[in-house]
Amino acid sequence: MKRMIVPVLGALAFAFATAVAQAQTSGYTQYSSSFTVQNRTSGCGSFHSANGVYTCSVCAGEQRTEMRWKGWPQQTHYNQWQGTVSFTSGTQKTCIMQIKSNTGGEPIYIQVASPGTLRNDGGSVFATGMANTWFRLNSLYNPVNGDGRAYINGAQKVTRTMKSSSRDWYFKNGTYNNGLPSGGKSTAYFKNITHWVK
């Protein structure tokens, strides 16, 4: 009997994790997108991909290394970015994911503030101890009603209301230097990236 408990519990845990992973995308339709690499570094920072993992790094004195996704095909709907993310313990003062408009700003701007912590834009830290661990990040926004949200492993961490008439929204993920200290280097990893609309 004891031998059967572990597989059953394991199956239940997997089923629960699957249900949680689907919760944020329930009612959404997945769509394909492509990205260009914005590598504004001078030799220390870099971008590369291998085995389905995208690695972005930026060093002090450099600007950014980011994956800039195509503009949303439906600009007046909810659009959502989902991905599995990790970053090193040395990462700090670096944005790793944003929902952006060149004319409307960034309602979602997920930043590693101090090592291991996460916050949205200049807001309060909403997660600690996040370095060197994989987590699922969901970020969504509707410019018409201004509803912006972000979830970590299915738990909502960010709520932001920011209505906008801008219609040039897109997703970015990578490493954007927000003031790395001298000698510092931020590195983030991304996999399983998908895009959704509702």
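What follows is a short conversation about the side chains of this predicted model.

Reader: Before we start, which pLDDT limits apply to this predicted model?

Author: Residues are numbered from 1 along each chain as its sequence is written, and side-chain values use heavy atoms, with hydrogens and water left out. Totals for chains, interfaces and linings use all residues of the predicted model, while local features need pLDDT of at least 70 and side-chain atom pairs count only at pLDDT 80 or more.

Reader: Thanks! How many disulfides are there, and which cysteines form a disulfide?

Author: A disulfide here is a pair of cysteine sulfur atoms within 2.5 Å. By this rule the count is 1 disulfide. The sulfur atoms in question are 1.9 Å apart, and they belong to cysteine 44 and cysteine 59.

Reader: Which parts does that pair tie together, and what is the handedness of the link?

Author: Cysteine 44 lies in the loop between strand S2 (35–40) and strand S3 (46–50) and cysteine 59 in strand S4 (residues 53–59), so the pair ties together parts 15 residues apart in sequence. Strands (E, at least two residues) and helices (H or I, at least four) are DSSP runs, numbered from the N terminus. The angle about the S-S bond is -60°, and the link is left-handed.

Reader: Is each of the two cysteines buried, exposed or partly exposed?

Author: Buried means under 20% relative accessible area, exposed over 50%, and partly exposed in between (1.4 Å probe, protein chains only). With a relative accessible area of 38%, cysteine 44 is partly exposed. At 4%, cysteine 59 is buried.

Reader: On to the rings: how many aromatic pairs does the structure hold, and what is the geometry of tryptophan 134 and tyrosine 189?

Author: Rings of Phe, Tyr and Trp (its six-membered ring) pair if their centres lie within 6.5 Å; planes under 30 degrees apart count as stacked, over 60 as edge-to-face and the rest as tilted. The structure holds 9 aromatic pairs. For tryptophan 134 and tyrosine 189, the centres are 6.4 Å apart with 55° between the planes, and the pair is tilted.

Reader: Why does that pair tie together parts that are apart in sequence, and how far apart are they?

Author: Tryptophan 134 sits in the loop between strand S10 (125–127) and strand S11 (135–142), whereas tyrosine 189 belongs to strand S15 (residues 185–197). Both are partly exposed, tryptophan 134 at 38% relative accessible area and tyrosine 189 at 26%. The pair therefore ties together parts whose separation in sequence is 55 residues.

Reader: Which residues do ring pairs link into a cluster, and which charged residue lies over the face of tyrosine 170?

Author: Ring pairs link Phe35, Phe47, Tyr54 and Trp69 into a cluster. A charge sits over a ring if NZ of Lys or CZ of Arg is within 6 Å of the ring centre and within 35 degrees of the ring normal. Lysine 198 has its charged end over the ring of tyrosine 78, 5.2 Å from its centre. Over the face of tyrosine 170, at 3.5 Å from the ring centre, lies arginine 68.

Reader: Which residues touch the most other members of the largest nonpolar core, and which strand gives the most to this core?

Author: A nonpolar core is a set of buried Ala, Val, Leu, Ile, Met, Phe, Trp, Tyr and Cys residues joined through side-chain atoms within 4.5 Å. Among the 30 residues of the largest one, Trp81, Ile96, Ile110, Leu118 and Phe135 touch the most other members. With 4 residues, the strand that gives the most to this core is S15.

Reader: What does threonine 84 touch, and which side chain joins it in a polar contact?

Author: Threonine 84 is found in strand S6 (residues 79–87) and is buried, at 16% relative accessible area. Leaving out residues up to four places away in sequence, threonine 84 is in contact (heavy atoms within 4.5 Å) with Trp134, Phe135, Arg136, Tyr189, Phe190, Lys191 and Asn192. A polar contact is a pair of N or O atoms within 3.5 Å; within protein, one must be able to donate a hydrogen and the other to accept it, and residues adjacent in sequence count only if both atoms are side-chain atoms. At 3.2 Å, the side chain joined to that of threonine 84 is that of asparagine 192.

Reader: And glutamine 82: with which side chain does its side chain make a polar contact?

Author: Glutamine 82 is found in strand S6 and is buried, at 12% relative accessible area. At 2.8 Å, the side chain of glutamine 82 makes a polar contact with that of asparagine 138.
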